[in-house]
Amino acid sequence: MAWWKAWIEQEGVTVKSSSHFNPDPDAETLCKAMKGIGVMSSLLSHQAAAFTFPSPALTSPWVQGHSRCIPAGTNEQAIIDVLTRRSNVQRQQIAKSFKAQFGKDLTETLKSELSGKLERLIVALMYLPYRYEAKELHDAMKGLGTKEGIIIEILASRTKKQLQEIMKAYEEDYGSSLEEDIQADTSGYLERILVCLLQGSRDDVSGFVDPRLALQDAQDLHAAGEKIRGTDEMKFITILCTRSATHLLRVFEEYEKIANKSIEDSIKSETHGSLEEAMLTVVKCTRNLHSYFAERLYYAMKGAGTRDGTLIRNIVSRSEIDLNLIKCHFKKMYGKTLSSMIMEDTSGDYKNALLNLVGSDP
């Protein structure tokens, strides 16, 4: 399924809202699960400063009831069971309840209680979706070196509305323009294609295609690459980033008739590096968004080492959109289930949390 249709697929969701949801018991369960939260000690200090000992406030049922939030150690599985089985909207409500009941920020408390890959995954779940993607883009550009693959993945696979929300969240959280930061951190044709993708000009759910324009675009692409010495990169960028997905599919068909090779093969022979990756990603997302994410997840785990950032980002960001459909494509493409590969490649609480988010096998 092409990318512009994927956003309306309800059957794709693996993490759904919990029925009969109440954030208060969930917040208390999380409180009990965390050893270093210090809820009772901070409460006692506050009350001791305000009252002469012994104070009725310190022996009230409310305070006595909350003394059960002082656990012996961190119960990671309890945290996983709550947060991986609630929707993002419900997690935000749990965080508000946690702050109201215990006077602490839930995300910061989770950071202090967890570590490593599990911490990274659980904290990712606590972000609002657009703020999480804005964070991933910011982290990809901060410090030495730029992680172009992350920027390409997000910008090439989101709709115009989603990109607008990400840009808004980015500016609110980091005080700068996403477009300007991309321009400052990249250069050349890569910069141009990323900025072009950020405009979200490929959105068009009408499905209308002008056959004559599609043929002309295919001829222009052929003339810009295969027919000349060198490549007219801007012609490729303009067509790939400004035409609708339905239109591009027709262009790809016409191109193959003219060039006797796929658009992917031409891109591979005419470009290289991050620009090649960006163009190929646009083509892959246009052809089938679910297959693209299945491929991202597969190569995050294939071979020595695991690209945990890619694994976490794509499972978290797709779990309330189309992860079930991605799982189906994963099994067709690689002959194994996503969950079986996660079981082989990860371990411990981190593995359990990922499996909860992925859900049952197709």
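Asp-322 is buried in this predicted model, its relative accessibility being 0%. The side chain of Asp-322 does not lack a charged partner, for it meets Arg-318 in a salt bridge with an N to O distance of 2.8 Å. Arg-318 is likewise buried, at a relative accessible area of 1%. Side chains of opposite charge can pair when their charged atoms come close.

A second pair has a partly exposed setting. Asp-81 and Arg-85 form a salt bridge in which the closest N and O atoms lie 2.9 Å apart. The relative accessibility of Asp-81 is 28%, which places this residue in the partly exposed class. Arg-85 is also partly exposed, with a relative accessible area of 44%.

The pair in helix 16 brings together two kinds of surroundings. Lys-257 forms a salt bridge with Glu-254, and 3.9 Å separates their closest N and O atoms; this counts as a salt bridge because the cut-off is 4 Å. Helix 16 spans residues 245-259, and because Lys-257 and Glu-254 are three residues apart within it, about one helical turn lies between them. Lys-257 is exposed, with 58% relative accessible area, whereas Glu-254 is buried at 12% relative accessibility.

Salt bridges in the model also join up beyond single pairs. Two glutamates and two arginines, namely Glu-136, Glu-153, Arg-296 and Arg-313, are linked in a network of such contacts. Across the whole structure, the search finds 19 salt bridges.

Conventions:
Residues numbered from 1 in each chain as written. Predicted model: local features only at pLDDT ≥ 70, side-chain atom pairs only at ≥ 80, totals over all residues. Heavy atoms only, no water. Buried < 20%, exposed > 50% of the residue type's maximum accessible area, 1.4 Å probe, protein only. Helix = DSSP H or I, 4+ residues; strand = E, 2+ residues; numbered from the N terminus.
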